[in-house]
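Okay everyone, let's get going. Have a look at the picture while I talk you through a few things.

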Amino acid sequence: MSASFTLQLATDEPQDLALPLFLERVPAGFPSPAQDYIESELNLHQYCVRHPAATFFLRASGNSMTSAGMRDGDLLVIDRAVTPEHGDTIVATAEGEFIVRQLQLRPRLALRSLTPPYQAKDINPDELDIFGVVTHFIHSTRSK
Amino acid sequence: MFALADVNSFYASCEQVFRPDLKGQPVVVASNNDGCVIARNKEAKALGIKMGEPWFKLRERGFSKNVHCFSSNYALYHSMSQRVMAVLEALAPRVEQYSIDEMFLDIRGIDHCMGFEDFGRQLRTQVKAYTGLTIGVGMGPTKTLAKSAQWASKEWPQFGGVLALTTSNPTRTLKLLSLQPVEELWGVGRRLSKKLNALGIATALDLARTHPAFIRKNFSVVLERTVRELNGESCIDLEEAPPTKQQIVVSRSFGSRITDYESMRQAICQYAQRAGEKLRQERQFTRHIGVFIKTSPFVEGEVYYGNVASEKLLLPTRDTRDIIAAAMKALDRIWIDGHRYAKAGIMLGDFFPTGVAQLNLFSDEQPRENSEALMKIIDSINTTGLGQIWFAGKGVNQAWQMKRDMLSPSYTTCWKDIPVARIH
């Protein structure tokens with residue numbers, strides 16, 4: 001009984017092993033049907049801040065609630081780019097302090113207090129120094 | 001046409017915007033470590049307070065009662081500067097931020113719609129309304145002339161802070177230049193002006209009438225450019241994007257002198273971290289890390305010592321850990337016990353745009369794994385304001401930190417520091 005062997009020389013190059021390559025990619029799961037309809041999330045900063053370069057944040061301070069509903073510790077959004085109009089809530093400076101008042105242009109220029117007894121104080125146009133218009137204020141319902 | 005907008009007594013004005021009680025009061029701002037006066041408003045100027053005067057001397061003269069002094073609050077100044085820049089960018093087509101309080105604007109063609117000075121006044125009104133800061137505006141056919149116009153707008157109040165030098169009104173330009181001392185020109189320092197004065201060139205007009213070739217031969221190409229610019233030939237264009245940095249330096253004077261090695265290590269470690277942050281912002285990799293330490297040269301009876309050492313890395317890096325390690329090696333080579341060190345710093349150089357460099361064939365040094373991701377996380381934590389993380393080598397209790405005893409709140413960058421408005 002004899003068996004025949006074929007001897008093969010070891011070559012430098014290993015023999016090619018051809019494997020099929022699939023050009024199609026296999027999707028893992030299904031693509032989101034919403035993919036073409038993605039919109040960016042709502043952004044509160046965008047809502048409150050129309051002029052970033054002119055917007056400043058101030059903190060309200062005082063014991064009583066104002067007629068506008070503003071309370072102690074609320075965050076005031078001040079937009080200096082907005083032209084103050086009659087009835088606007090504004091931050092003005094008086095006696096070296098920032099104060100929140102309602103601007104009254106008619107019948108006379110005056111600053112009206114937002115807390116009882118809602119006094120209006122006539123003011124000389126030259127002395128009026130408005131820091132900016134309060135466009136929003138943010139009140140946290142839970143105290144920290 | 002160029003315009004130069006600069007904020008009047010910028011640092012002092014930033015402080016005053018949020019302090020209505022300081023309206024009309026003298027205000028000065030002191031340099032880091034509360035050393036010298038680096039900014040003052042016009043009320044402080046009227047009291048005779050000079051730039052560069054040491055604050056302790058002013059205190060001795062009794063100014064601390066009626067003059068309000070602030071430590072430099074760069075967080076606030078940067079925020080306000082960005083606001084001014086944003087307002088100007090909305091109004092002018094191209095803006096170059098030249099310094100924290102000066103911006104060059106390209107205003108070509110504006111005169112098709114409105115007069116240059118009307119436009120300047122519009123800029124002024126808008127910046128004042130939006131930010132509470134007052135700017136002066138100088139305009140001219142070249143940057144140098146715009147700067148001269150801005151100088152004049154401050155010198156003579158009748159211009160109301162806005163002045164344009166146009167080619168249609170050459171007598172005005174000549175008049176102004178004849179009144180401007182040469183040392184007030186953009187790019188002409190005190191040393192250069194001394195040399196010019198010796199040659200009989202005393203005013204800007206004298207310089208404008210000197211032959212450019214003569215200036216190039218006896219001075220430099222840079223000054224020749226100034227001469228040409230004074231004659232209305234624009235040589236220096238607007239630089240909207242700052243050129244890529246060739247070097248990053250982080251250095252500070254200490255609040256109190258450092259005498260022990262451990263504190264110095266902490267300081268260097270902190271500067272290394274800051275330098276790493278800057279490097280990554282620039283999207284660069286560094287291969288050259290230098291450290292310098294020095295004592296104060298002004299103290300009598302002390303021997304001055306200052307030295308610098310540097311490390312060269314095989315692989316370019318932007319990993320803070322590599323930078324700290326190299327900096328520590330460099331520090332060990334130059335540290336000498338017994339000196340009272342006043343200042344130290346770190347320099348990064350030899351930048352590469354990628355971390356790849358010619359590798360040494362036999363080197364087994366490999367870039368750190370996941371370094372990119374780690375640095376990204378660290379930077380993002382430190383910039384969101386959620387908290388601060390740092391390498392332990394910086395330490396926590398730093399007695400040598402910069403002294404800023406008169407620091408104002410960060411009114412625009414920190415929630416707990418925002419100003420208060422009274423509602424009743």
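**A helix in chain B, and how the chains meet**

Let's start with helix 6 of chain B, residues 143-155: at 1.5 Å a residue, its 13 residues should span 18 Å, and the end C-alpha atoms are indeed 18 Å apart, so the two agree. The expected span here is 1.5 Å times one less than the number of residues. Helices are DSSP runs of H or I with at least four residues, strands are runs of E with at least two, and both are numbered from the N terminus.

Before I go on, this is a predicted model: local features need pLDDT of at least 70, side-chain atom pairs count only at pLDDT 80 or more, and totals for chains, interfaces and linings use all residues. Residues are numbered from 1 along each chain as its sequence is written, while chains are lettered from A and ligands numbered from 1 in the order in which they are written.

Back to helix 6 of chain B. Is this helix largely enclosed or open? Well, 11 of its 13 residues are buried, so the rest of the structure largely encloses it. Buried means that 20 or more other C-beta atoms, placed from the backbone, lie within 10 Å of the residue's own; exposed means 12 or fewer, and partly exposed is in between. Among the buried ones are B:Leu145, B:Gln150 and B:Trp151.

Now zoom out. Chain B has 14 helices and 13 strands, and its C-alpha atoms fill a box of roughly 70 × 65 × 50 Å along the principal axes. Of its 424 residues, 38% count as buried.

Chain A has one helix and seven strands, and along the sequence the helix comes before the strands: α-β-β-β-β-β-β-β. In chain A, 21% of the 144 residues are buried.

So how many residues of chain A are in contact with chain B? There are 27, and they touch 16 residues of chain B. By contact I mean C-beta atoms, placed from the backbone, within 7 Å. On chain A's side, the elements giving two or more residues are strand 1 (55-61), strand 3 (89-94) and strand 4 (97-104). Strand 1 of chain A gives the most, with six residues.

Last stop: strand 4 of chain A pairs with strand 13 of chain B, residues 420-422, in the parallel sense over two bridges. To count as a pair, two strands need at least two bridges found by DSSP. If you want a spot to click on, A:Ile99 has B:Arg422 in that chain B strand as its bridge partner.

Definitions and conventions
Contact = placed C-beta atoms within 7 Å.
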